[in-house]
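Biologist: Please take a close look at one part of this structure, starting from a single loop and working outwards into its surroundings. Give the cut-offs as you go.

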Amino acid sequence: MPVAIEPAAAAVPAAGGASTHTLTNSEAGKLMFKIKSSNDNEYRLKPVFGFIDAGATAQVEITRLAGPSKEDKFVVQFAPAPEGATDAQEAFKGATAAGDVTLPGRVDHRFLDSSDGPMRKTKKIDTLRKIVNYNVDELEKTDGEIREREQER
């Protein structure tokens, strides 16, 4: 397949969140891409159109707004980029897709399902505490490094 996507599925919470993916062009020439979503109400794609140089990668961010969960998918269509093209959206208007790759969308319910028993809720709280504590530790480390630099001046 000329275009590969990593990770191969978009998993984001139903309450909203983002998932970043890398598109890789294994072709010998520059490609342009367009991403379609089965659910434009809850998802935002950035960028929707773009170029990937031969052997290079492009980053795509999929952001989910809060909303009801359902099975969603994203289709990345691609085609050879016309020589000298600088606007992928404009270039795609007259092009026929040479292929496509489907990226399944999954809603991550780990922190949202209130029907879980008390043990599952405790695990969720513990996981959230670990995330918060990690971020606090990183902030304190950064703050300490800044203070050290200021003292050295």
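**From one loop into the core**

Modeller: P7 lies in the loop between β1 and β2, where strands (E, at least two residues) and helices (H or I, at least four) are DSSP runs numbered from the N terminus. The model is predicted, so local features need pLDDT of at least 70 and side-chain atom pairs count only at pLDDT 80 or more, while totals for chains, interfaces and linings use all residues. Residues are numbered from 1 along each chain as its sequence is written, and side-chain values use heavy atoms, with hydrogens and water left out.

The bond between E6 and P7 is a cis peptide, with omega about -15 degrees. Most peptide bonds are trans. A cis bond also joins K46 and P47, with omega about -5 degrees; P47 sits in the loop between β5 and β6 (49–52).

The loop of P7 belongs to a protein with two helices and nine strands, in the order β-β-β-β-β-β-β-β-α-β-α along the sequence. Of its 153 residues, 29% are buried, meaning under 20% relative accessible area, with exposed over 50% and partly exposed in between (1.4 Å probe, protein chains only).

Both strands beside that loop feed the largest nonpolar core: β1 (3–6) and β2 (10–13) each supply at least two residues, as do β4 (31–37), β5, β7 (57–64), β8 and β9 (99–108). A nonpolar core is a set of buried Ala, Val, Leu, Ile, Met, Phe, Trp, Tyr and Cys residues joined through side-chain atoms within 4.5 Å. This core has 21 residues, and L23, F33, I35, I62 and F74 touch the most other members. Leaving aside neighbours within four places in sequence, L23 is in contact (heavy atoms within 4.5 Å) with V3, A4, I5, F33, I52, A56, T57, A58, V60 and V76. Apart from this core lies another, of six residues, including M32, A81, A91 and F92.

F74 also takes part in one of two aromatic pairs found in the whole structure. Rings of Phe, Tyr and Trp (its six-membered ring) pair if their centres lie within 6.5 Å; planes under 30 degrees apart count as stacked, over 60 as edge-to-face and the rest as tilted. The centres of the Y43 and F74 rings are 4.9 Å apart and their planes stand at 85 degrees, so this pair is edge-to-face. Y43 in strand β5 (residues 43–46) and F74 in strand β8 (residues 72–80) are 31 residues apart, so the pair links distant parts of the chain. Y43 and F74 are both buried.

Q77 is in strand β8 as well, and counts as buried because its relative accessibility is 16%. Its C-alpha is 6.2 Å from that of I35, 42 residues away in sequence. Not counting residues up to four places away in sequence, Q77 touches M32, F33, K34, K36, F92, A97, G99 and D100.

The structure has one salt bridge, defined as a side-chain nitrogen of Lys or Arg within 4 Å of a carboxyl oxygen of Asp or Glu. The partners are E90 and K93, at 3.3 Å, N to O. They are three residues apart in helix α1 (residues 88–93), so about one helical turn separates them. E90 is partly exposed at 48% relative accessible area, whereas K93 is exposed at 60%.
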